[in-house]
Structures are given as C-alpha cells and as structure tokens.
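Reader: I would like to learn how to read the features of a protein model, one at a time. Please give the general idea for each, then the case at hand.

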Amino acid sequence: MIERFPTIDGSYAKKKLLSVIKPLPALEELPLWSWFANIHLLSNHRIEWIKHIIRPVENSIKSITISCDVGLCKPQVGIYVVVNSKISSEGKAIFIDDQEKNLIVARNLGWNTILADDKGKWIEKVTQILVWQNTHYLN
C-alpha cells in the first residue's frame, strides 16, 4: 500500500486496517464444530490481516487457504479447487459464505452451501447439522 500511496503513514495504516477487520461471528464455535467436522478456512485476505484473529482457534482449523497465498480469490474456481484437494472424500462439505456469488462454484463442486445471514441464524443451523449428523452416524 505504501508503494502505491507513498504519503501514507505505514504504521498508522496497519493499525487502522487491523482494527477494522473483525472476527467472523462463529469464531468461538470453531472448537466445538471441529469435534464433529474438519474445518477448512477459505478467505479473500492476507494472512497477516487475519492471523491475530484466527490464532486462538487455529488448532481447530484443518487447513487455511488465503487468496493472496494462492494468487486466486473467491469466486474464482481455482481457489475452490485448492480447498477441495484438502477435503477428505469421506464426508460432505458445507461451504458457508455471506455472498451468494461465492456459493455458486461451491455448489458446482458438489458442496452443500449455506448463505450466512447478518443475524447469525446460520450459526445455529450449522451446529444443528453437525450434531444431527454425528448422532445419526453413531446410531
């Protein structure tokens, strides 16, 4: 950013950027969900922007695919293919995103999708799905 805007105070810009990036609403659910499913994070960010947010739950995450690391971003099909190669073929994937356009490629790969609503109802839905699948698998 400093190369493109040389008059910017780099230290201030970094602090400001990190202060506006907020944790995902379901961040605290990841440790529970990871008991029932492998969690794969797919993000259109830079790892240094979100590392401080995911650090407390990184042990709950099976893989992290960040757009800047792979040179692709959602909804480009290639970034989904990268994640798909990391997913075990034993289970069905549930892809959650807050933009409908990002769900289309996931559906084409055979993933189940959930549109994340701004009220957070999707969090309860995911918890119910994971618990239901686990209890029915064990019975």
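Author: We go from the overall layout to single features. The model is predicted.

Reader: How many helices and strands does the protein have, and in what order do the elements run?

Author: There are seven helices and four strands. Starting at the N terminus, the order is α-α-β-α-β-α-α-β-α-β-α. Taken along the principal axes, the C-alpha atoms fill a box of roughly 65 × 30 × 25 Å.

Reader: What share of the residues is buried, and how much area does the protein expose?

Author: Of 139 residues, 27% count as buried. The protein exposes about 9,500 Å², and carbon and sulfur atoms supply 56% of that area. As for contacts between residues at least 6 apart in sequence, 42% of them join residues at least 24 apart.

Reader: How do I read the burial pattern of a helix? Take H3 as the case: which of its residues are buried?

Author: List the buried residues, then look at their directions around the helix axis. In H3, residues 47-54, the buried ones are Ile50, Ile53 and Ile54. They span an arc of only 85° around the axis, and therefore sit on the same side of H3. Their cover includes strand E1 (39-43) and E2.

Reader: Which residues of H6 are buried, and what covers them?

Author: H6 covers residues 100-108, and its buried residues are Asn102, Leu103, Val105 and Ala106. Down the axis of H6 these fall within an arc of 160°, so they line one face of the helix. Among the elements that cover them are H5, strand E3 (94-97) and strand E4 (112-115). After H6 comes Gly110, with a positive phi near 90°.

Reader: Now a residue in a strand. Is Ser63 buried or exposed, and what is it in contact with?

Author: Ser63 belongs to strand E2, residues 61-66. Its relative accessibility is 12%, so Ser63 counts as buried; the cut-off is under 20%. Setting aside neighbours within four places in sequence, Ser63 is in contact with Ile39, His40, Leu41 and Lys86.

Reader: How do I read disulfides, and how many does the structure hold?

Author: A disulfide is a covalent bond between the sulfur atoms of two cysteines. This structure holds zero disulfides.

Reader: Why is Cys68 not bonded to Cys73?

Author: The cysteine sulfur closest to that of Cys68 is in Cys73, and it is 11 Å away, which is too far for a bond. The cut-off for a disulfide is 2.5 Å. Cys73 is likewise in no disulfide, with the sulfur of Cys68 as its nearest cysteine sulfur. Cys68 is partly exposed at a relative accessible area of 31%, and Cys73 is partly exposed at 34%.

Reader: Which peptide bond is cis, and what is its omega?

Author: The bond that joins Lys74 and Pro75 is cis, with omega about 5°. Pro75 lies in the loop between helix H4 (67-70) and helix H5 (77-84).

Reader: How do I read salt bridges, and how many are there?

Author: Look at the distance between the closest N and O atoms of the two side chains; the cut-off is 4 Å. A search of the whole structure finds four salt bridges. One of them pairs Glu48 with Arg46, with the closest N and O atoms 2.6 Å apart. Glu48 is partly exposed at 42% relative accessible area, and Arg46 is partly exposed at 36%.

Reader: Which partners do Lys51 and Glu100 have?

Author: Lys51 pairs with Glu58, where the closest N and O atoms are 2.8 Å apart. Lys51 is partly exposed at 27% relative accessibility, and Glu58 is partly exposed at 28%. Glu100 pairs with Arg107, and the closest N and O atoms there are 2.8 Å apart. Glu100 is partly exposed at 37%, as is Arg107 at 38%.

Reader: Last, the surface. Which residues form a nonpolar patch, and which helix gives the most to it?

Author: The patch is formed by Leu32, Trp35, Phe36 and Val131, which together have about 430 Å² of accessible area. Helix H2, residues 30-36, gives the most, with three residues. Val131 lies in helix H7, residues 121-138. At 35% relative accessibility, Val131 counts as partly exposed.

Conventions: Residues are numbered from 1 along each chain as its sequence is written. This is a predicted model: local features need pLDDT of at least 70, side-chain atom pairs count only at pLDDT 80 or more; totals for chains, interfaces and linings use all residues. Side-chain values use heavy atoms; hydrogens and water are left out. Patches are made of residues with over 30% relative accessible area and no salt bridge: like charges are joined within 9 Å, nonpolar side chains (Val, Leu, Ile, Met, Phe, Trp, Tyr) within 5 Å. Accessible areas come from the Shrake-Rupley method with a 1.4 Å probe; for residues, only the protein chains shown count as cover. Helices (H or I, at least four residues) and strands (E, at least two) are DSSP runs, numbered from the N terminus. Buried means under 20% relative accessible area, exposed over 50%, partly exposed in between (1.4 Å probe, protein chains only). Contact means heavy atoms within 4.5 Å.
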